[in-house]
Amino acid sequence: MLAPAVLLLHAMEVVAAVAVFRSLGSLGSLWPLVLVAVLIVAVGWRALIVRALFWLAGVRPVPVDLWMRESRAFIVGYLAMAVDPLRGVVARNRYREEAAHAGAAVVLVHGWFCNGSVWRPMLPGLRAAGVAAPLAVSLAPVFGDIDRMVEQLAISIERALPASDQPLCLVAHSMGGLVARRYLQRYGAARSVVGLLTIGSPHHGSRVARWGLGRAAQQMRTDSPWLRSLPEPGQHVNTLCIWSPVDNLVAPAESAQLDGRPELRVANCGHFELLHHPHVATAVTNFVVECGAATAARGPNQNVVLRAGA
């Protein structure tokens with residue numbers, strides 16, 4: 001849903017960076033100040049995007065502390081998503097051997113215009129609980145069809161978890177919740193999905209989505225034909241919806257609920273901040289442990305290595 005603003009922002013930053021580095025030789029001792037100025041502009045633009053999203057979502061007035069926390073989560077999240085893949089933090093083909101003896105396999109599904117590194121804040125809590133190597137998928141293209149992303153999710157799961165009888169626990173943020181629900185519809189009969197946890201997912205659409213680019217944004221619009229074709233999870237799937245009444249991307253905020261399903265309401269928390277909130281991290285950890293994803297039965301001398309795979 002952030003496509004136009006993010007693309008414009010990145011284009012401006014690239015132009016500014018090129019201009020700065022081309023002029024460093026003639027700046028003498030002033031070049032550190034110029035670099036600081038570029039950094040301030042980059043941070044300021046992102047903060048303005050967050051402010052605009054609160055306005056579009058109808059959160060008015062916006063408390064300063066809420067704005068600052070969400071801006072920080074937004075900036076930190078996108079920095080991780082840009083750097084982590086280059087460092088190999090989200091690596092391929094590491095999941096199978098580490099999760100071979102686990103119970104339910106945890107699959108992390110990111111939201112729109114994100115990648116698997118957005119789950120970085122959740123990893124320490126899962127590690128401490130003994131959850132083996134969550135599979136953090138990265139879906140593309142960001143402007144593409146959600147149904148195409150579902151197929152990518154299915155391929156990633158089949159490659160990492162070829163044993164079809166291993167149960168799955170799906171944990172999803174934002175648009176990822178819709179991807180997970182469509183996956184459940186198409187592949188739930190072939191793969192045993194025992195849990196579905198969504199964090200700030202626009203289950204009933206969002207009016208902010210009309211400002212986004214691409215097919216996925218159209219599908220997330222309120223009362224879209226695509227959403228109307230999406231069935232709710234069956235009663236046999238353990239479900240939890242985590243949401244915030246001041247979500248700056250899901251509007252109305254209640255769209256992140258599923259009728260009659262358990263929910264966790266996190267007050268005074270923005271869309272990206274939900275991934276950093278300690279209550280959300282605790283709820284995610286407790287949920288996946290209840291789904292049978294903990295590996296304590298391996299024994300005290302067996303270390304669990306927590307990595308993300310795609």
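Start with the sheet: six strands line up in the order β3-β2-β4-β5-β6-β7, making an open sheet with parallel pairing. At its edges sit β3 (residues 135-136) and β7, each of which has a pairing partner on one side only. Keep in mind that this is a predicted model. Strands of a sheet are held in register by backbone hydrogen bonds, and the pairing can be parallel or antiparallel.

Now walk across the β4 to β7 part of that sheet. β4 and β5 pair in the parallel sense over six bridges, and one place to look is alanine 172, which stands opposite threonine 198 in β5. To get from β4 to β5 the chain goes through helix α7 (residues 176-187), and this β-α-β crossover is right-handed. On the other flank, β5 and β6 pair in the parallel sense over five bridges. Here leucine 197 stands opposite leucine 240 in β6, and isoleucine 199 stands opposite isoleucine 242. Move on again and you reach the pairing of β6 with β7, also in the parallel sense, over three bridges. Cysteine 241 stands opposite glutamate 263 in β7, while tryptophan 243 faces arginine 265 of β7.

How enclosed are these strands? In β5, six of the seven residues are buried, so the strand is largely enclosed by the rest of the structure. β6 tells a similar story: five of its six residues are buried, so β6 too is largely enclosed. As a general point, side chains in a regular strand alternate between the two faces of the sheet.

So what covers the sheet? Take α7, the crossover helix, as one piece of the answer. Its 12 residues should span 16 Å at 1.5 Å a residue, and its end C-alpha atoms are indeed 16 Å apart. This helix is mostly covered, with nine of the 12 residues buried. The buried set is Gly176, Gly177, Leu178, Val179, Ala180, Arg181, Arg182, Tyr183 and Leu184. Together, the buried residues of α7 pack against β2, β4 and β5 from the sheet, plus the helices α6 (146-160) and α9 (225-228).

That brings in α6. With 15 residues, α6 should span 21 Å at 1.5 Å a residue, and its end C-alpha atoms are 21 Å apart, which agrees. At the start of α6, a side-chain oxygen of aspartate 145 reaches to within 2.7 Å of the backbone nitrogen of aspartate 147. Aspartate 147 is itself among the buried residues of α6, a list that also includes Ile146, Met149, Val150, Leu153 and Ile157. In general, an α-helix has 3.6 residues a turn, so residues three or four places apart point the same way.

Next, look at α10 (residues 278-290). Its 13 residues reach 18 Å from the first C-alpha to the last, close to the 18 Å expected at 1.5 Å a residue. Val280, Ala283, Val284, Thr285, Phe287 and Val288 are buried in α10. Their packing partners are β2 (105-109), β4 (168-173), β5 (193-199), β6 (238-243) and β7 (263-265), along with helix α5 (123-128). After the helix comes glycine 292, whose phi is positive, near 90 degrees.

One residue worth zooming in on is histidine 203, found in the loop between β5 and α8 (214-219). Is histidine 203 buried or exposed? Its relative accessible area is 3%, and the cut-off for buried is under 20%, so histidine 203 counts as buried. Its side chain makes a polar contact with the side chain of arginine 181 at 3.0 Å, and arginine 181 is one of the buried residues of α7. Beyond its neighbours within four places in sequence, histidine 203 is in contact with Leu178, Arg181, Thr198, Leu227, Cys241, Ser255, Ala256, Gln257 and Leu258. Two of those names have come up in the sheet: Thr198 is the partner opposite alanine 172, and Cys241 stands opposite glutamate 263.

Finally, zoom back out. The chain has 10 helices and eight strands, and buried residues make up 50% of its 310 residues. Among contacts between residues at least 6 apart in sequence, 76% join residues at least 24 apart. The accessible surface comes to about 14000 Å², and 61% of that belongs to carbon and sulfur atoms.

Methods. Residues are numbered from 1 along each chain as its sequence is written. This is a predicted model: local features need pLDDT of at least 70, side-chain atom pairs count only at pLDDT 80 or more; totals for chains, interfaces and linings use all residues. Side-chain values use heavy atoms; hydrogens and water are left out. Helices (H or I, at least four residues) and strands (E, at least two) are DSSP runs, numbered from the N terminus. The expected span of a helix is 1.5 Å times one less than its number of residues. Buried means under 20% relative accessible area, exposed over 50%, partly exposed in between (1.4 Å probe, protein chains only). Contact means heavy atoms within 4.5 Å. A polar contact is a pair of N or O atoms within 3.5 Å; within protein, one must be able to donate a hydrogen and the other to accept it, and residues adjacent in sequence count only if both atoms are side-chain atoms. Accessible areas come from the Shrake-Rupley method with a 1.4 Å probe; for residues, only the protein chains shown count as cover. Two strands pair if DSSP finds at least two bridges between them. A crossover is right-handed if, with the strands pointing away from the viewer, the path from the first strand over the helix to the second runs clockwise.
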